[in-house]
Amino acid sequence: PSSQPWQVYSRYIMKLSALIFTTGIFATTVSSFTPISRNAVQRTAFTSIHTPTTTSSPKTPSSASSSLSYAIDVYDELAPRDVYSMQEWAQSYGTQIAEGVELYTADGADYQLITQAPIPAGSSVLYVPADIVLSSNNVVQEYGQALSQAENILVQMEQGLQERLPLFRLMVKIMAEYEKGEESPYFPWLNSMPRQFYNGVAMTDACFACLPPYASICAMNERNAYSRFINAIRKGNLPLNQETIMDDQVGKWAYNVALTRFHEVWQPVRQKHIAPMADMLNHSTEPNCEINFDDMGNCNVQAIMDIQPGSPLTISLGDPTNPTPLFAKYGFLYDDCKTIFCKAVHLDAQIQELGYEYKDLLIQTETGEIAPQVWDVFLYEILQNSDPDNAGAFYNAVTGGDEATKEQYHGHYYSYTLDALKNHVYSILNDVDELTMKAQSYDLETHPRVPVIVAHNNLVKETFTMTGQALEQM
């Protein structure tokens, strides 16, 4: 294995649309941020932000699949997003935006915050009062025993779902506010949400059939989580209209809104928040902003570096070393991806035994270079199958940090490990070609997620092609 340092470059641009300026609409700005009292801001009719909903009054159906109308058409994935009305609504409730910070869109579908003025590091960029922040803990107080019953049903379905209860609570809240339609205090925010998503929950079985195993597993995990959530809601006794909870289109939309907009906090207790306007910050592997919540639940977005005019305002949405989980969760591939997971999901047992995580088992997207930990895992599997005694000794060397002994094993079994890696790389390349051909055979009208799937597969192909070439030269 090469001992040269990894070269890190930003190279692979796969954003489906470029950012352009939308003129004529500007954010109201303030020069400094201070919490605003409830009586200091003129508001629209907003009686109680935490009043449980029961059922909505019947109206003319907006879709043939439902006998109720809730003002927000989630059936039309191309329905326009009223983002600027949401901004006005948020500011009317005390949201404060730094001078020069504006909403921009390329095509009316994808929005983000960008600055037209320089922002020094440490400056406040955005303040969102707790009044309009959705909090998973507040949902518990709002729905009480009915929510608790549904949560008990959920956690009994599958081990690990206890950890996802904050997300479940936000999904319930969004469904409840959706039912209220224009009567919901959150209507302007809900009406600004996308109707079309590209993540694992939104994918069809045909989409999964076009993904490599690791990506398919990550995407399927999200769809399975949604399935558990909606089943718990349907079996519970939540104050939601029956037609709402039986409507998969509504359920998936609510789940995806919660999943893609939340920010998790751990102090003073773990919970998930959604802060309107702050949820317009996009992802970067080198973010220039961070989101914090104070003890009162107010949201503060702060610049963590000097930000130049014309720059998008960004945060980190997840592990920057591995784009596939973000692809499965959010449905995008970021344009500054530097590494990808080696795709060795068939060696998951060996990975765990050696104490590694997927984020350790990387391949550079610029050079195709393989991380040393990947060599460790492949050699360990070879030894387990051919020489259990030496497998144990190698295990002790890896987990005990004995680099000298570990390198001796690598030197002795080098050719075997090299062959195993070549076989793995060529197998992935063959699979990706077949999967991409299958995806490209689909009609984009019925499979709009094909472009992002193909982009993901192309990233894998280009990276593994370089890896195969490098291995052949060893």
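**Exercise 1. Determine which residues have the most contacts inside the largest nonpolar core, and which helix gives this core its largest share.**

Solution. This is a predicted model, in which local features need pLDDT of at least 70, side-chain atom pairs count only at pLDDT 80 or more, and totals for chains, interfaces and linings use all residues. Residues are numbered from 1 along each chain as its sequence is written, and side-chain values use heavy atoms, with hydrogens and water left out.

Step 1. A nonpolar core is a set of buried Ala, Val, Leu, Ile, Met, Phe, Trp, Tyr and Cys residues joined through side-chain atoms within 4.5 Å; buried means under 20% relative accessible area, exposed over 50%, and partly exposed in between (1.4 Å probe, protein chains only).

Step 2. The largest such core comprises 79 residues, and Trp189, Ile233 and Trp253 have the most contacts inside it.

Step 3. Helix α3 (residues 165-180) supplies the largest share, 10 residues; helices are DSSP runs (H or I, at least four residues), numbered from the N terminus.

Step 4. Beyond four places in sequence, Ile233 is in contact (heavy atoms within 4.5 Å) with residues including Phe168, Met171, Val172 and Met175.

Step 5. A second, separate core has 58 residues, among them Cys218 and Cys337.

**Exercise 2. Establish how many disulfides the structure holds, and whether Cys207 is buried or exposed.**

Solution.

Step 1. A disulfide is a pair of cysteine sulfur atoms within 2.5 Å; the whole structure contains 0.

Step 2. For Cys207, the nearest cysteine sulfur belongs to Cys210, 6.9 Å away.

Step 3. Cys207 is buried, because its relative accessibility is 4%. Cys342 is likewise buried, at 2%.

How values were computed:
Helix = DSSP H or I, 4+ residues; strand = E, 2+ residues; numbered from the N terminus.
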